[in-house]
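Me: I am new to this structure and would like a close look at a single part of it. Please take one strand and describe its surroundings.

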Amino acid sequence: MAKVLYITANPKSVNESVGLRVGQAFIKSYQESHPNDEIKELHLYQEEFPTVDHDIINGWDRMRREGITFSELSETEQKKINALNEFTDMLIAADKYVFVSPMWNWGTPPPLKAFIDSFVVVGKTFHYEEDGPVGHLKNKKAIHIQISGGIYSEGPFAKMDHSHLYLKQVLNIIGISDVDVLYVEGHEFDRERADEIIHTGISEAKKRAKTF
């Protein structure tokens, strides 16, 4: 039995969001084709998500540089690091990851960036060696369902994609090299084909879910 972490980063409802509709189609198809797997949903806009701030960085630095134990940190530092660790451990415990997010201003929504910061942690999900970072999360896989009104998967604007390419890079760093992507894009740019683009995205999501 595999553990799947389904992560969304969109403040809209499913009815209002193209991406969440595609994501729901994927996860429903996955459930039907993998009935014994465990699926945990993490909707980042519905979480009181801790961000890496001065207390967290200071606590990490003190443990790493001064060699002090966690119990020697301040109460505030301990509380914030524990809250962040819950999300780190949640990601580590999963075997498969489904990320569903729109491209905003050519990048990721703020809660997704904050979530990334929670799991790209030296000593927990990767470490450094002479040749560079070495990931700890081997033999896992991910898919990113990325939604954008324009077309960024190819063509002249591909270099402006700082969303999927960034997510793929950080997943590779922590050891997840099997990273697929489903682009659902261009529905705002080509309004006449919008329904067709969305329908194709939903169909493709259902298809990929069966073999994920």
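Reply: K141 in β6 stands opposite K96. In this predicted model, that pair belongs to the pairing of β6 with strand β3, which covers residues 96-102. The two strands run in the parallel sense, and seven bridges join them.

Strand β6 also pairs with strand β7, made of residues 178-185. This pairing is again in the parallel sense, over eight bridges. One position to look at here is A142, whose bridge partner in β7 is V179. To get from β6 to β7, the chain passes through helix α5, residues 164-173. The resulting β-α-β crossover is right-handed.

How enclosed is β6 by the rest of the structure? The strand spans residues 141-148, and seven of these eight residues are buried, so β6 is largely enclosed by the rest of the structure. Buried here stands for a relative accessible area under 20%.

For a residue outside this strand, take S33, which lies in helix α1, residues 18-33. S33 is partly exposed, because its relative accessible area is 32%, and the partly exposed class lies between 20% and 50%. Leaving aside residues up to four places away in sequence, S33 touches A209 and K210. Its side chain also makes a polar contact with the side chain of H34, at 3.0 Å. S33 and M160 are 127 residues apart along the chain, and their C-alpha atoms are separated by 35 Å.

Conventions. Residues numbered from 1 in each chain as written. Predicted model: local features only at pLDDT ≥ 70, side-chain atom pairs only at ≥ 80, totals over all residues. Heavy atoms only, no water. Helix = DSSP H or I, 4+ residues; strand = E, 2+ residues; numbered from the N terminus. Buried < 20%, exposed > 50% of the residue type's maximum accessible area, 1.4 Å probe, protein only. Contact = heavy atoms within 4.5 Å. Polar contact = N/O pair within 3.5 Å; in protein donor to acceptor, adjacent residues only side chain to side chain. Pairing = 2+ DSSP bridges. Right-handed = clockwise from strand over helix to strand, strands pointing away.
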